[in-house]
Amino acid sequence: MRRAAVVAGLSATALLTIATSTAAAFGPLPPANPYLGPVGTATMHGDSEASDTTPLPGVGTGGVDADFHEQGAACPTILQGADGFPQALCTKITDRAPEVLLLDPGSGNTLAKLDLTKGSLLGGVYAYLDNNDRMVTVDGSGSLLRIGHQRGADGSWSLSIASKTDVTQAVAGHCGGGTCDEVSSVSPDYQGRVWFATDNAAAGFVNPDGSARSIVLAPGELVANSIATAPEGMAVATDHALYLLNVDASGNPQIVWRQGYDRGPARKPGQLSWGTGATPTFFGPGDGTEYLAITDNASPKENLLVYNSATGQQICSVPAIDGTENSPIGSGNSVFVASSYGYPYPALPADAGPSQPASAPISGGMTRIDVTGSGCTVVWTNTVPSSAVPRLSVPDGKIYTFTRHSLLGSGSGALGSGSSSLGSGSAGVTDNYSFAVIDANTGHLDTEQFVGATTVNDTLQMVGTIAPGRIQYQGTTTGLYRITPK
C-alpha cells in the first residue's frame, strides 16, 4: 500500500527512469575472436559463438526507409568488414549456385560479383569474414576459399580468390549412393584453425599451414545447420545429437562430449531437416560462453536445451515453441527462441524427407527463457510471426526481425496492431512483410512497418545483420533490403 502510494505520486518521467534502471541488462558479448572481422557483423549469427547478438545499436523504433535491391538470388548471409564494405553470399535462382557480392556501403548497390562452384544447398549459405576482411567459405569443389576485394586504377571494384585450400582429403566418406559429402559450414577457432562440418556429419579443421584433419561424428547422422566456435571448442548439432569438439594432444579433432536429444517422429513443417533447426549458441553471464543452447525436435512442443559448455551437463530442458529452423539468441542469462513452424520454403535439401503433418499454418510466436540458479524459467511469450532469424542489439535492448502476415485469415491483422492474422494453410502470394522491433525485456512488439507484399519480399527465415550507423541488411528470396532510419 505504502509503495503503491509513492509510485502513484511519481511523474511519467520518473516512472520511465525506474523502468529503464530496472530493465534487464543483456550481455556480456562473447569474447572477440582474433581471426574474425568486427564483432556483430563478421558471421551470419554475429560472432563465432553464434550468439545472434550485436554490440551495435539497431535501426530503432522510428520510421524507416526500406531500400530493396533485386539480385535474382536469395541472400541469406550479409556481412560487413572493418573496412565498412558489406559483402553478401547469395544463391542464384536460375541454377542455385552461390555468388559473392561486394556492396556499396553508402547505398547497398552492387559493386562487384564473383561466381562460385555449386555444391549442396547449404554450401551457398554459411561463410564468415576473417580479420583481413576476406570472405571465407567452402565451395562445391571442396576448396576452402578466402575471397578478397580490390579497386582498380579506373575506380571499379572486383572480387577475387586470394587463397584456395583443398579440403576434400579430409572429408570422410566422400561418395556413396551416387552423392558426395560436402562441407556445409565453417568457423575459425581462437588458434587460427578453420573448423568445418559436412552434410554427412564429418567434422574437422584446416590448420594455418593448410593441412586438414577430420573425424566422422557418427554414421548415419546429418548436419543441416552451421557450427559455432568458442574458447571451449567447436559446437555442432547433427540431426541426432549436440557435440563439442576440440583438438587432442596429437593435433587431431576429438569429441569432448556428446548429448543426444529428442528428434521427434519426423521433420516438422517449417523445418529443413528432421532434427534440431538450431545452430548451437554459446552464451552466459560470466565470460559469455559458459552455456551452450539448441532446440530439440520434440512433439508437440520443442524444448530449449541448455548445457554447461565445458562439461556437457544439461542445465535445463524447457518447452519453448511449436517448431523452429532458427538459432536461438543467447545473451547473459537469457535465451530467445522464435517459431518458424509452418513456414513454406521454395526448396528443401535433397535429404529433408517428408514433414509431419505435410503442411500447417504459420503459427508464429517467440519466447524468452532465462537460466536461473534452479534451472530455466519462461519470462515471456508473444505471438509475433517472425519471418527472419531475430537479432538482439545489446546496447538498445531491442530484437530486430521481420514479420509475415497473411490477408487470407480472419481477424484484424492490422499492421502495427501487434496482432497476427495468419492463413489456415500454406502462406500465399498475398502475404505482407514488415520490419519489426520487439522489446527484449517484455516481449512487446514496439513497431511493425510494412515493406512489401510479394514473394520477392519474402525474408524466408534468413538472418538480418545490423551494421554501424544503425543500418540493417536483410536478405530475401530474390535480393536484399538496406533498412535505415528516416
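Trainee: What makes up the area that the protein chain exposes?

Mentor: In this predicted model, the protein chain exposes about 17600 Å², and carbon and sulfur atoms supply 53% of that area.

Trainee: How do you know which residues count as buried, and what share of the protein chain do they make up?

Mentor: A residue is called buried when its relative accessible area is under 20%. Buried residues make up 59% of the 486 residues in the chain.

Trainee: Why is S14 called mostly covered?

Mentor: The cut-off for buried is under 20% relative accessible area, and 5 of the 5 residues in strand S14, residues 194–198, are buried, so S14 is called mostly covered. Val 194, Phe 196 and Thr 198 lie on one side, with Trp 195 and Ala 197 on the other, and all are buried.

Trainee: How do you know that S13 and S14 pair?

Mentor: Pairing needs at least two bridges between two strands. Strand S13, residues 183–188, has 5 bridges to S14, so the two count as paired, and they run antiparallel. Val 183 stands opposite Thr 198 in S14. The two strands form a hairpin with 5 residues between them, and Gly 192 in the turn has a positive phi of about 95°.

Trainee: What makes S14 and S15 a pair too?

Mentor: The test is again at least two bridges. Here 4 bridges join S14 to strand S15, residues 202–206, so they pair, and the sense is antiparallel. Trp 195 has Phe 205 in S15 as its bridge partner. This hairpin has 3 residues between the strands, and Ala 201 takes a positive phi near 70°.

Trainee: Let's move along the chain. Why is S35 called mostly covered?

Mentor: Set it against the under 20% cut-off: 5 of the 5 residues of S35, residues 471–475, are buried, so the strand is called mostly covered. Ile 471, Tyr 473 and Gly 475 point one way, Gln 472 and Gln 474 the other way, and all are buried.

Trainee: How do you know which strands pair with S35?

Mentor: Count bridges against the minimum of at least two. S34, residues 462–467, shares 4 bridges with S35 in the antiparallel sense, so they pair. S35 also has 4 bridges to S36, residues 479–485, again antiparallel, so that is a pair as well.

Trainee: Which residues are bridge partners of Gln 472?

Mentor: Gln 472 in S35 is the bridge partner of Ile 466, and in S36 its partner is Ile 483.

Definitions and conventions: Residues are numbered from 1 along each chain as its sequence is written. This is a predicted model: local features need pLDDT of at least 70, side-chain atom pairs count only at pLDDT 80 or more; totals for chains, interfaces and linings use all residues. Side-chain values use heavy atoms; hydrogens and water are left out. Buried means under 20% relative accessible area, exposed over 50%, partly exposed in between (1.4 Å probe, protein chains only). Accessible areas come from the Shrake-Rupley method with a 1.4 Å probe; for residues, only the protein chains shown count as cover.
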